[in-house]
Amino acid sequence: MAAAGVVSGKIIYEQEGVYIHSSCGKTNDQDSLISGILRVLEKDAEVIVDWRPLDDALDSSSILYAGKDSSSVVEWTQAPKERGHRGSEHLNSYEAEWDMVNTVPSKKKPHTTGDAPSHKNGKSKWSFLFSLTDLKSIKQNKEGMGWSYLVFCLKDDVVLPALHFHQGDSKLLIDSLEKYVVLCESPQDKRTLLVNCQSKSLSQSFENLLDEPAYGLIQKIKKDPYTATMVGFSKVTNYIFDSLRGSDPSTHQRPPSEMADFLSDAIPGLKINQQEEPGFEVITRIDLGERPVVQRREPVSLEEWSKNIDSEGRILNVDNMKQMIFRGGLSHALRKQAWKFLLGYFPWDSTKEERIQLQKQKTDEYFRMKLQWKSVSEEQEKRNSRLRDYRSLIEKDVNRTDRTNKFYEGQDNPGLILLHDILMTYCMYDFDLGYVQGMSDLLSPLLYVMENEVDAFWCFASYMDQMHQNFEEQMQGMKTQLIQLSTLLRLLDSGFCSYLESQDSGYLYFCFRWLLIRFKREFSFLDILRLWEVMWTDLPCKNFHLLLCCAILESEKQQIMEKHYGFNEILKHINELSMKIDVEDVLCKAEAISLQMIKCKELPQAVSEILGLQDSEVTTPDSDTGEDENVGMTSPTSTFQSDSLPVLATSGARDDSPTQTLVSPNVSRLTPA
């Protein structure tokens, strides 16, 4: 907590007429009411709460500190003089070494006193500022008890003077703070809001660090290890541990394994290393059978598509069409039509006339939503911090999304304008979620294919229905997928899982970017078009994208284990796979894994649930239909007609050296993304 000169930064909240009542015994003395301005600012990855009197010339040697339980009716005393000379180091932390793109900080920083350098020319004794990461609790006034007021208590138990809101109430301030921290009522006192400094918007710090200098990455890992490990693995070196330990002597003796825990803390509640966890099913080694080798077909042509349309424009043999798309993808000329069906924008059983009417309806709906943000005046936007934040983040992301693609390259590119407008309109469509970094990656290929603003928007909205949990504040979708991926990988190759755990990589957070934006930055732009349309068929099972992850990791297993890669090397190696993965090869391997599991009669229930095999009513050719014999038994099956694929039997599908596999029975209770 400190007094300082004017702090620059993006203003999130600003309110005049916020008073400190300096003495309870002088209620009629105007000198006891000190009027000031309260601001919440974003500055270099920190959120700062700043109150200063209208007379802005401050003397930091006169900072006032409160004892415990102080309130607006207690006279405050000056802090010892030496406090005014501490902490220039903290103020300097506001001076970024790199341009922070986040609108929301994503990881709390080590607590500091926050004092600022002295300014001798000030007259006022009253001023303070603090970082939101230092906030412990907020005490509110009782309803109906005069002016609304708040009392901030910091983590070092410093209690700041009560702030009285003479013009309006404190609700807007609380709303602004809740964008960055979780506030919940204290069980002991409903007037007290406790601060949980785990950021509510971890995902909103999705930024591209691939071009960062090394020192920039290190600073980002210090400030936001979650983001930095997610997108900046290529810059991870053996020096990171030393950098993370920094100047804190207590960390110098800590083993590197603790850095894994440090990084995994960014996803609260994620527990993947389950070997010693109670309640997990211990399964004797399962023989998954021979791993088939599958062959892919040519992309579906416009002629093949046309043959499956009746006179009124309905798609015939939908299941067969989906299988053809899964096995070969689509020719590019067909994507503009077919993607609308795959994403659910057009119903598969709709006629051509019904689709024309639907497009008219959706066009009207889109432009009504677009008009909502287009018609907001500058004055209105000044009072709408969320809309300002969304716009700011969208503008930054749009200017760096797929700029090497001819569709988006160059200045004043109309493609960039459409990207911006669609993302802003999506904020009106789903204002609770708004815009989160990474969403522009999902929209870009859709707009490229559709070449139409309205169609691209509705396809994007449909895709976001599938991906929504990936971007939600609590990251439940991401946690679920990482746990499910660990379960699948352990069944396929428990030896590799054990090796990853021995290298503090069992959390699989190096797969985070793959899952968050569905491999968008791992494959070339054209390969992503192929990969996504295959995944949108929902074949051959649920969560096929997790099997794609398994296929990639299985391909890299030998190098990782033979070269004894450690924590750093694994992160670096996985990130450097970007743009080097063969999409057809990965699709073949993932499909082969799915067929291997579908045909396994002893598949663990947890795995069956992840892949959506336990509830299928379609039986395999050799299934026994006798009801009595099947009581209490489950036969994993799938609607995917694997017999129609060219399949070659092969052996040596996996390393079966470990004798046990651990699978959580609780996976099914997590909501899949």
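Contact here means heavy atoms within 4.5 Å. This is a predicted model, in which local features need pLDDT of at least 70, side-chain atom pairs count only at pLDDT 80 or more, and totals for chains, interfaces and linings use all residues. Residues are numbered from 1 along each chain as its sequence is written, and side-chain values use heavy atoms, with hydrogens and water left out.

Select Met 597. Not counting residues up to four places away in sequence, Met 597 touches Leu 488, Leu 491, Leu 492, Leu 547, Leu 603, Val 607 and Leu 611. Add Phe 471 and Phe 519: with Met 597, these touch the most other members of the largest nonpolar core, which has 122 residues. Such a core is a set of buried Ala, Val, Leu, Ile, Met, Phe, Trp, Tyr and Cys residues joined through side-chain atoms within 4.5 Å; buried means under 20% relative accessible area (1.4 Å probe, protein chains only). Helix α15 (residues 453–471) gives the most to this core, eleven residues. Helices are DSSP runs of H or I, at least four residues, and strands are runs of E, at least two, numbered from the N terminus.

Apart from the largest core lies another, of 31 residues, including Val 40, Val 49, Phe 152 and Leu 160. Keep Phe 152 selected: this residue of β8 stands opposite Ile 138. Five bridges join the antiparallel strands β7 (residues 135–140) and β8 (residues 148–154); pairing requires at least two DSSP bridges.

Now show the whole open sheet, nine strands in the antiparallel order β6-β3-β2-β1-β9-β8-β7-β11-β10. Its edge strands, β6 (128–131) and β10 (182–185), each pair on one side only.

Note on methods. Buried < 20%, exposed > 50% of the residue type's maximum accessible area, 1.4 Å probe, protein only.
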